[in-house]
Amino acid sequence: MRVFAIDTSCDETSAAIVDGRRVLSSVIYSQALLHEKWGGVMPSVAKRAHSERIDSVVERAFRKAKLAFGDVDAVAVTQGPGLAIALEVGIAKAKELSAFWGKPLVSVNHMEGHIYSNFVQNSKGNPPREFVFPYLVLLVSGGHTELVLFRDHLDYEVIGRTVDDAAGEALDKASKMLGFSYPGGPVIERLAEEAGNTDEYRFPRPLANRDTLNFSYSGLKTAFLYKLRELDDTARAKAMRSLASSYQEAVFATLVSRTRLAVKKTGVANILLGGGVSVNRRLRVLFRRAAAEQGWTVQFPPFKYLNFDNAAMIGVMGCYKAERGLFADPAAIDRKPRMSLPAFITMPSDMKIMKQRDL
Ligand code: KG4
Ligand code: ZN
């Protein structure tokens, strides 16, 4: 099944065409430079940039795939979570194209997309990875930190989540405190690498000794701020790499320890990572090490489908829904900035609202 997909959930305007898991084209226009000076994503700037770029991104997706405009079986779009006024640009375009082409609409939860990014393939079908259910998924992005039990296609259960900041957000804030730009994850990663990924400052590991699968990063962020305040400008500049490295170690230690507890509680040791933070090299080393020690399997999305939010992962996820006839009602679909897993789906045959699992 050939699916055309759009994602405008945050600061990337993206469109893709997939055939099952194979990506025929993927076009991403990143707005990162537009938001850099604000130290975060400015919703009004994002909306304008999405509106200005969406048509050319859509056109380029068809040109790159060498397909005639509209030559697809369905249109998938991210319904949420994300920035409301950014999401609505993509949803409006998807509705317009689905009506114009007479193709059904599929609603995708952006976080479902991040899970499926692990199974995105290039046009030749690589990497060949097969699904081996069940999985334990650790989603780490700018807005989410979640542990998800992924039992089968379209069967998810969130078993742990952050009670305050997301891991990516914690890294973004630390970068900002050090005077660097958005997004902060890559900045902290580079500083930490320059420091040799050391853990000189040993910041607190929130909730580490509690029997919970939840995460908390606000205490860590405060500890980091206080440490910075203790130092004058010279001392701070000197310690910057080491501070960034210790902070990153604290953020990641919690991700590993919660995952270890989740494996113990669920008995599921096939681990998938997803979301922008999972591109981090140090995080990959830590998870590979834990996997070797604990006997887990661990899988990360291919780099190409990670560096930025992308519509290819939305298209691949959308394909699994389209194949099952799980289409959205165009009259009812609206942005859902706080959409959580799993999604609500409208069945086309009887127009009944089907809720998969109430979390
Ligand atoms: O998944 P994503 O692109 O967007 C959301 O859906 O939120 O994730 C963005 C987050 C940001 O917080 C960014 O700082 C973080 O991913 N990130 C990284 C790296 N690259 C992006 N975090 C750690 N290391 C990186 N190399
Ligand atoms: Zn994302």
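This report covers the zinc site, the surroundings of ligand 1 and the strands around strand 7 in a predicted model.

## Basis of the model

Local features need pLDDT of at least 70, side-chain atom pairs count only at pLDDT 80 or more, and totals for chains, interfaces and linings use all residues. Residues are numbered from 1 along each chain as its sequence is written, chains are lettered from A and ligands numbered from 1 in the order in which they are written, and side-chain values use heavy atoms, with hydrogens and water left out.

## Zinc site

The zinc ion (ligand 2) has three protein donors, H110 (NE2), H114 (NE2) and D309 (OD), at 2.0 to 2.2 Å. Donors are N, O and S atoms within 2.8 Å of the metal (3.2 Å for Na, K and Ca); water is not among the atoms, so sites may look incomplete. Along the chain the donors follow the spacing H-x3-H-x194-D. The pair H110 and D309 links distant parts of the chain, 199 residues apart: H110 lies in helix 4 (residues 110–116), and D309 in the loop between strand 10 (297–299) and helix 10 (311–323). Helices (H or I, at least four residues) and strands (E, at least two) are DSSP runs, numbered from the N terminus.

H110 is buried at 6% relative accessible area, and D309 is also counted as buried, at 16%. Buried means under 20% relative accessible area, exposed over 50%, and partly exposed in between (1.4 Å probe, protein chains only).

## Ligand 1

Ligand 1 is surrounded by 19 residues, and the closest are G142, D172, G185, E189 and G276. A residue is near a molecule if one of its heavy atoms lies within 4 Å of it.

Two of the zinc donors, H114 and D309, also approach ligand 1. An oxygen atom of ligand 1 is 3.0 Å from a side-chain N or O atom of H114, and an oxygen atom of the ligand is 3.1 Å from a side-chain N or O atom of D309. At G276, a polar backbone atom is 2.9 Å from an oxygen atom of ligand 1. The protein covers 88% of the 550 Å² of accessible area that ligand 1 has on its own (Shrake-Rupley method, 1.4 Å probe).

## Strand 7 and its neighbours

Strand 7 (residues 145–152) is largely enclosed by the rest of the structure, because six of its eight residues are buried.

Strand 6 (residues 135–140) pairs with strand 7 in the antiparallel sense over six bridges; pairing requires at least two DSSP bridges between two strands. V137 has V148 in strand 7 as its bridge partner, and a hairpin of four residues joins the two strands. Strand 8 (residues 155–161) runs antiparallel to strand 7, again with six bridges, and G160 in strand 8 is the bridge partner of L147. The hairpin between strands 7 and 8 has two residues between them, and L154 in the turn has a positive phi of about 65°.

Note on methods:
Polar contact = N/O pair within 3.5 Å; in protein donor to acceptor, adjacent residues only side chain to side chain.
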